[in-house]
Amino acid sequence: MSDEARQHRTAAVIPAAGRGVRLGPGVPKALRALGGTPMLIHAVRAMAASRAVSLVVVVAPPDGAPGVKNLLNEHALPERTDYLVVPGGETRQESVRLGLDALPDDITTVLVHDAARPLVPVDTVDAVVEAVHGGSPAVVPALPLTDTVKQVEPRQKGEPEPVVATPDRALLRAVQTPQGFDRATLVGAHETVVRGGDGATDCAGMVEQLGTTVMVVTGHEEAFKVTRPLDLVLAEAVLARRRANDGF
Ligand code: C5P
């Protein structure tokens, strides 16, 4: 084991307790199949593919932990990585906190990765881990935007909405996961930031609220979030391309 690996022990927490209503009716989103394998298994393998990650904590739907445990047992996963399954909560923020509560004492670095981003390449995971180990307490992978973004005054669904502002696109980034944190920084944010309404959809945002600088590293287009039906089509196409390339 290198000095660096001895100094830092890294765990990945995967919130997978969402219902995925925007994807349409059916099983919880994380359990939908992609290329015949549940999305969650792809996400777990993507985290375990990084040699830095020694533990993966899956946060399952509140009533689904035994089923998720069985699922992990049924699929081949790297031997060097340990797995834990804990039941999740009502919001993503609560699910992440429940995952953090399950971490053993010796974990120093935490990645939080959406089960809904099953295809993130290992290079992106490693880039986030390296930036945290390099001294940044909070790191997110992100990409420049292709669309221009408008801030609007929201109206009822389907009604035209007046534009309030057009932020300079060159200053904006679309944020992905895994987001990486020094453990104490992330736990501190979860203990301090109030849990209101729908909760935070982004751990880095909670850390920002405490005044800690969050750093951005380059994300990857294959780290997109599977949210709507069209995203499933794209994910299947990415998997097919990978299979074809592996064949050569
Ligand atoms: O809903 P959204 O796409 O923002 O969810 C992002 C991630 O958070 C998903 O992987 C989802 O399973 C997870 N989540 C959770 N617990 C909730 C809601 C969402 O673990 N209560």
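Visitor: Which residue in S11 stands opposite Val112?
Guide: This is a predicted model. Strand S11 covers residues 179-182 and pairs with S6 in the antiparallel sense, over four bridges. In that pairing, the residue opposite Val112 is Gln179.

Visitor: And which residue stands opposite Val110 in S6?
Guide: Here the partner is strand S1, residues 10-15. S1 and S6 pair in the parallel sense over four bridges. The residue opposite Val110 is Ala11.

Visitor: Which residues of S6 point the other way from Thr109 and Leu111?
Guide: In a regular strand, side chains alternate between the two faces of the sheet. S6 runs over residues 109-112, and Thr109 and Leu111 point one way. All four residues named for this strand are buried, and the two pointing the other way are Val110 and Val112.

Visitor: How many residues of helix H2 are buried?
Guide: H2 spans residues 39-48 and is mostly covered. Its buried residues include Met39, Leu40, Ile41 and His42. Ala46, Met47 and Ala48 are also among them. Buried here means under 20% relative accessible area. The count is nine of ten.

Visitor: What distance separates the end C-alpha atoms of H5?
Guide: H5 has twelve residues, 122-133. At 1.5 Å a residue, the helix should span 16 Å. The model agrees, because its end C-alpha atoms are apart by 16 Å.

Visitor: Which residue just after H5 takes a positive phi?
Guide: H5 itself has buried residues that include Val128, Val129, Ala131, Val132 and His133. Just after the helix, phi turns positive, at about 120 degrees. The residue is Gly135.

Visitor: Which residues are closest to the ligand?
Guide: The ligand is surrounded by 15 residues. That shell divides into five nonpolar, four polar and six charged. The closest are Pro15, Ala17, Gly18, Gly89 and Ser95.

Visitor: How far is a backbone N or O atom of Gly18 from an oxygen atom of the ligand?
Guide: Backbone atoms also lie by the ligand's nitrogen atoms. For Glu90, a backbone N or O atom is 3.0 Å from a nitrogen atom of the ligand. For Thr91, a polar backbone atom is 3.3 Å from a ligand nitrogen. For Gly18 and the ligand oxygen, the distance is 2.9 Å.

Visitor: What share of the ligand's accessible area does the protein cover?
Guide: On its own, the ligand has 470 Å² of accessible area. The share covered by the protein is 85%.

Definitions and conventions:
Residues are numbered from 1 along each chain as its sequence is written. This is a predicted model: local features need pLDDT of at least 70, side-chain atom pairs count only at pLDDT 80 or more; totals for chains, interfaces and linings use all residues. Side-chain values use heavy atoms; hydrogens and water are left out. Buried means under 20% relative accessible area, exposed over 50%, partly exposed in between (1.4 Å probe, protein chains only). Two strands pair if DSSP finds at least two bridges between them. The expected span of a helix is 1.5 Å times one less than its number of residues. A residue is near a molecule or strand if one of its heavy atoms lies within 4 Å of it. A polar contact is a pair of N or O atoms within 3.5 Å; within protein, one must be able to donate a hydrogen and the other to accept it, and residues adjacent in sequence count only if both atoms are side-chain atoms. Accessible areas come from the Shrake-Rupley method with a 1.4 Å probe; for residues, only the protein chains shown count as cover. Ala, Val, Leu, Ile, Met, Phe, Trp, Tyr, Cys and Pro count as nonpolar, Asp, Glu, Lys and Arg as charged, and the others, Gly among them, as polar.
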